[in-house]
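Student: I have a structure to read and no idea where to begin. Can we talk through the terms as we go?

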Amino acid sequence: MIISMVPAFSVHCNKLPDISSRTHMNALETTGLTHHFGKDCVLDNIGLQVPAGSIYGFLGPNGAGKTTTLKLTLGLLRKQQGSISILGKSLESNRLEILRKVGSLIESPSVYTHLTARENLRILQNIYRCPISRIDEVLALVGLSNTGSKLAGQFSLGMKQRLSIAMALLHSPELLILDEPTNGLDPNGIIEMRELLKKLSREDGITVVVSSHLLAEIEKLVTDVGIIHLGKMMFQGTFDELRERQHRSTVVVLGTTDPDATHRYLIECNLDAQRENGSVLLPAISREQLTELTRQLVARNIGVYEISTRKNDLESIFLEVVNP
């Protein structure tokens, strides 16, 4: 569903944002955001902090509360508790002004199926009062320049997804919110979408929020991450900080001629060593420590025939976060 709720008389295309002036602010911020459907609490004290100029991955399993959170930030659901600030202003008191600067795709693509891609965009161009040349620009951006007279109803789901993103970009927003934007795209389409979003962030200074239930899908895209599960924020920080969890979960695998003696010696050294299938596991240590450890084992007539590391992949870290 594309957000087009601003009256035509008050909508104008926006100039590209000056990132340097927004370096230290959050483009999107929520505080204490709590929401109930009936007696069920679906969001519990959500505090999003999306840095300006970032590509923010909003991650969580299906049903975690991602779409509900994004709908609240766009005013599509009535806020029950908490505060929402977008581009430094309260959504509650500046809703129309804010939405002029926000593009979004929530849930499924919403297009006029009896019109072509260009005709769909022409309707919004009249509402937004953008230069008509902007239509060709966004069609080229999403790879739909050559659809000609083909009606949107004949588009594949991936093509409809592209058209919806073109509609969200038409008025040159400062903030782009996309809910599962790669749904329906083939592998090449996913790669193209990733490169498009990187370009929008890098060259145009657009802050991008992308929700997904698959970490592997966007790990090559985002700079910042928020992980939600059962309506609660489980992690929020830079992607590098999430990767640091991967580093901390790395273990060293030692294969030796006497695993029992190796294990006993490591315990004596106050290392958290464990036995597994004839090998000995210990937490990641420095190269210098590992060198000295190997020397000490050999000095005790324990042959070392294997030294390897085992890392949890990022998807495992994600599952660890949501299932502590």
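Tutor: We go from the whole protein to one residue, then to the cores and the cavities.

Tutor: Keep in mind that this is a predicted model. The protein has 324 residues, with eleven helices and 15 strands.

Student: How much of the protein counts as buried?

Tutor: The share is 47% of the residues. The protein also exposes about 15700 Å². Carbon and sulfur atoms supply 49% of that area.

Student: Why is Thr 68 called buried?

Tutor: Buried means under 20% relative accessible area. Thr 68 has 15%, so the word applies.

Student: Where is Thr 68, and which residues is Thr 68 in contact with beyond four places in sequence?

Tutor: Thr 68 sits in helix α1, residues 66-73. Beyond its neighbours within four places, its contacts are His 35, Phe 37, Val 42, Leu 43 and Leu 77. To count as a contact, heavy atoms must be within 4.5 Å.

Student: What makes a set of residues a nonpolar core?

Tutor: The members are buried nonpolar residues, joined through side-chain atoms within 4.5 Å. The largest core here has 45 residues. Among those that touch the most other members are Leu 121, Leu 163 and Leu 197. Helix α5, residues 157-169, gives the largest share of this core, six residues. Apart from this core lies another, of 26 residues, including Ile 46 and Leu 91.

Student: Which residues does Leu 121 touch, leaving out those up to four places away?

Tutor: Leu 121 touches Ile 135, Val 138, Leu 139, Leu 163, Ala 166, Met 167 and Leu 170.

Student: What makes an empty space a cavity?

Tutor: A 1.4 Å probe fits there but cannot get out. The structure holds two cavities of 30 Å³ or more. The largest has about 50 Å³ of space.

Student: Which elements give two or more residues to the lining of the largest cavity?

Tutor: They are α6 (187-204) and α7 (215-218). The most comes from α6, with four residues.

Student: How many residues of that lining are nonpolar, polar and charged?

Tutor: The lining divides into seven nonpolar, one polar and two charged. Met 193 and Leu 197 are among the lining residues, and Met and Leu count as nonpolar. Thr 182 is in the lining too, and Thr counts as polar. Arg 194 and Glu 217 also line the cavity. Arg and Glu count as charged.

Note on methods: Residues are numbered from 1 along each chain as its sequence is written. This is a predicted model: local features need pLDDT of at least 70, side-chain atom pairs count only at pLDDT 80 or more; totals for chains, interfaces and linings use all residues. Side-chain values use heavy atoms; hydrogens and water are left out. On a 1 Å grid over the protein atoms alone, a cavity is a set of points where a 1.4 Å probe fits but cannot get out, and a pocket is an open set with protein on both sides within 12 Å along at least five of seven lines; lining residues have an atom within 4 Å of a point. Grid points are joined across faces, edges and corners, and a volume is the space filled by probe spheres set on the points. Buried means under 20% relative accessible area, exposed over 50%, partly exposed in between (1.4 Å probe, protein chains only). Accessible areas come from the Shrake-Rupley method with a 1.4 Å probe; for residues, only the protein chains shown count as cover.
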